[in-house]
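Trainee: I would like to learn how to read a protein model feature by feature. Could you take me through one?

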Amino acid sequence: MITEINGTLYPKDSKTVQIKNFEVPSSAAEIHVKFEYFPEKMGGVDNQITLSFYDSMGIFMGRYDNPKDFKIGLNASPSALNTLPLPDIWKVEIECQSLISHVDYKIEINFEGNERYKWYKGELHTHSLHSDGKFNVKELNEYIKSHSFDFFFLTDHNNITGYQDLYSDKDSIGFIGEELTTFKGHMLILGNKQFVDWKDENGFEKPISIIKKEVDYLHSLIGVAHPSMLGEPICGGCGWKYFESPFDTNLFDFVEIWNGSMESKLLNIETIYSWISTLRSGKRLTATSGFDLHSSTDPEPSFWLKNHFYLRNKVLSEVLYAIKHGMSYISLDPIEVNFYDNIPGTTVKFNKEARYKFELSNAFKGRSIIITKNDTIDLGETYSEEVNLRNLDNEDFVVLLFLDKDGTPLVITNPVFFEKG
């Protein structure tokens with residue numbers, strides 16, 4: 001697959017940056033770029049143009065200022081990142097240093113590879129001796145691996161010093177994170193390579209909008225942990241007391257709708273239905289779960305709902321992309337979901353009628369429920385169904401819930417989005 005970007009630049013474009021977008025397919029393992037422009041010189045003076053590439057998460061991927069071919073991938077050119085390129089919309093910045101004449105240019109982008117996705121299991125909320133946990137980081141890593149997880153995030157309270165132990169262990173399956181523990185609520189940051197503080201240099205509370213900018217700058221993600229948890233005197237600072245909603249999609253990338261440390265299932269269920277209301281208002285916010293693990297002696301939740309993420313490779317960039325885009329679902333072991341062509345987080349085009357097909361493996365006795373923007377459909381005691389959806393809006397979604405006989409969720413999927421056209 002090849003994409004071409006063509007254009008003309010003029011001397012007046014000197015000292016400017018022209019931005020062009022292009023789409024990277026989900027199967028791409030390598031991106032090859034050829035850049036040509038004419039004339040390269042005029043009267044012995046160079047037309048000076050370079051390219052910079054940024055992926056769909058806004059991360060700088062490399063700079064092309066060499067006449068040779070340029071490649072981004074797992075065997076990258078010296079001036080590019082050595083990584084599996086993320087799918088979706090990228091941008092190339094055309095940096096016009098000095099133009100002595102008009103220039104006709106062509107950027108030829110060739111995508112190679114046939115990467116395949118599969119489901120990985122991840123725990124997003126854990127603690128170690130670096131805050132109030134009882135594990136050292138290696139013990140935490142072994143505990144998580146013993147429960148068949150593929151990866152986890154270390155989210156100690158207001159601290160990331162655990163990264164020293166995390167990344168020095170060759171057997172580690174962990175990524176660094178942090179739980180901002182404020183006086184008015186807790187927020188999880190995932191993938192931050194630097195410490196983020198919820199206080200300024202004078203000890204005063206930072207606005208969440210400022211924290212969000214810091215998190216975005218670090219190319220990490222932020223979401224609210226256990227927003228329905230009880231606060232004082234049960235758990236100081238645990239309950240969400242900020243003016244801002246925990247479901248504000250301008251501030252947060254995800255929300256923890258199920259927390260394993262909460263004794264009341266009803267509080268978790270309250271969060272789930274607040275999240276569904278957010279989706280029904282037309283906003284997109286990824287739902288996650290977390291054990292909130294502190295010790296191997298912690299009683300495992302009777303309903304430990306675990307995150308499943310749709311990835312090509314178990315690396316941080318892929319995990320953050322999947323979380324950001326909701327390519328995930330939550331389930332009680334050993335239930336797994338086959339979505340066929342309706343992967344959560346993706347968009348399906350339809351004309352008059354849409355179809356949604358799913359199959360639950362190893363399911364307990366329970367009921368399947370489909371949630372759309374304007375309806376709730378009870379499918380009864382079924383674990384496999386192909387549903388014809390006749391009354392969808394032009395822009396709609398489908399969330400699948402699987403509930404036990406007491407109404408406790410055993411499966412919660414992030415939405416598949418449906419668009420007419």
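What follows is a conversation about a predicted model, moving from a sheet to cores, aromatic rings, a helix and single residues.

Trainee: Let us begin with the sheet, in which order do the strands of the open sheet of 4 strands lie?

Mentor: As a general idea, strands of a sheet pair through backbone hydrogen bonds, and the pairing is either parallel or antiparallel. In this model the open sheet has the strand order E2-E9-E6-E7, with antiparallel pairing. Strand E2 (16-24) and strand E7 (60-64) are the edge strands, each pairing on one side only, and the twist from one strand to the next averages 20 degrees.

Trainee: How many bridges hold strand E6 to strand E9, and which residue is the bridge partner of Ile49?

Mentor: Strand E6 (residues 48-54) and strand E9 (residues 88-98) pair in the antiparallel sense over 7 bridges, and within that pairing Ile49 has Cys96 of E9 as its bridge partner. On the E7 side, E6 is joined by 4 bridges, again antiparallel, and there Tyr54 stands opposite Phe60 of E7. E6 and E7 form a hairpin with 5 residues between them, and Gly58 in the turn has a positive phi of about 85 degrees.

Trainee: What does Glu23 in strand E2 touch, if I leave aside its neighbours within four places in sequence?

Mentor: Glu23, which lies in strand E2, is in contact with Asp88, Ile89 and Phe111 once those neighbours are set aside. As for a residue elsewhere in the chain, Glu23 and Asn388 are 365 residues apart in sequence and 31 Å apart in space, C-alpha to C-alpha.

Trainee: Turning to the interior, how many residues does the largest nonpolar core have, and which have the most contacts inside it?

Mentor: The largest nonpolar core has 81 residues, and those with the most contacts inside it are Phe153, Trp275, Tyr356 and Phe418. Strand E26 (residues 395-403) gives the most to this core, with 7 residues. Apart from this core lies another, of 28 residues, which includes Leu9, Tyr64, Ile109 and Phe111. If we look at Tyr356 and leave aside its neighbours within four places in sequence, its contacts include Phe339, Ile370, Val398, Leu400 and Phe418, and also Asn342, Glu385 and Glu386.

Trainee: How should I read the aromatic rings, and how many aromatic pairs does a search of the whole structure find?

Mentor: A pair of aromatic rings is described by the distance of the centres and the angle of the planes. The search of the whole structure finds 26 aromatic pairs. One of them is formed by Trp119 and Tyr310, a tilted pair with 4.8 Å centre to centre and 40 degrees between the planes. Trp119 lies in strand E11 (residues 118-126) and Tyr310 in strand E18 (residues 305-311), so the pair ties together parts that are 191 residues apart in sequence. Trp119 counts as partly exposed, because its relative accessibility is 25%. Phe135 and Tyr143 form a tilted pair too, with 5.4 Å centre to centre and 55 degrees between the planes, and both of these residues are buried. There is also one aromatic cluster whose members include Phe22, Phe53, Tyr64, Trp90 and Phe111.

Trainee: Is helix H5 mostly covered or mostly exposed?

Mentor: In general, an α-helix has 3.6 residues a turn, so residues three or four places apart point the same way. Helix H5 (residues 316-325) is mostly covered, with 7 of its 10 residues buried. The buried residues of H5 are Leu316, Glu318, Val319, Leu320, Tyr321, Ala322 and Ile323. Just after H5, Gly326 takes a positive phi of about 70 degrees.

Trainee: Lastly, consider two loop residues: why does Asp253 count as buried, and what does the side chain of Asn159 reach?

Mentor: Asp253 lies in the loop between strand E15 (221-224) and strand E16 (254-259), and Asp253 counts as buried because its relative accessibility is 5%, where the cut-off for buried is under 20%. A polar contact of 3.1 Å joins the side chains of Asp253 and Lys212. Asn159 is in the loop between strand E12 (151-154) and helix H2 (163-166), and its side chain reaches the backbone oxygen of His130 at 2.8 Å. Not counting residues up to four places away in sequence, Asn159 touches His130, Gly177, Glu178 and Phe195.

Conventions. Residues numbered from 1 in each chain as written. Predicted model: local features only at pLDDT ≥ 70, side-chain atom pairs only at ≥ 80, totals over all residues. Heavy atoms only, no water. Pairing = 2+ DSSP bridges. Axes fitted to C-alpha atoms, helices over the stretch in contact; angles between N-to-C directions. Polar contact = N/O pair within 3.5 Å; in protein donor to acceptor, adjacent residues only side chain to side chain. Contact = heavy atoms within 4.5 Å. Core = buried A, V, L, I, M, F, W, Y, C linked by side-chain atoms within 4.5 Å. Buried < 20%, exposed > 50% of the residue type's maximum accessible area, 1.4 Å probe, protein only. Phe/Tyr/Trp six-rings, centres within 6.5 Å; stacked < 30°, edge-to-face > 60°.
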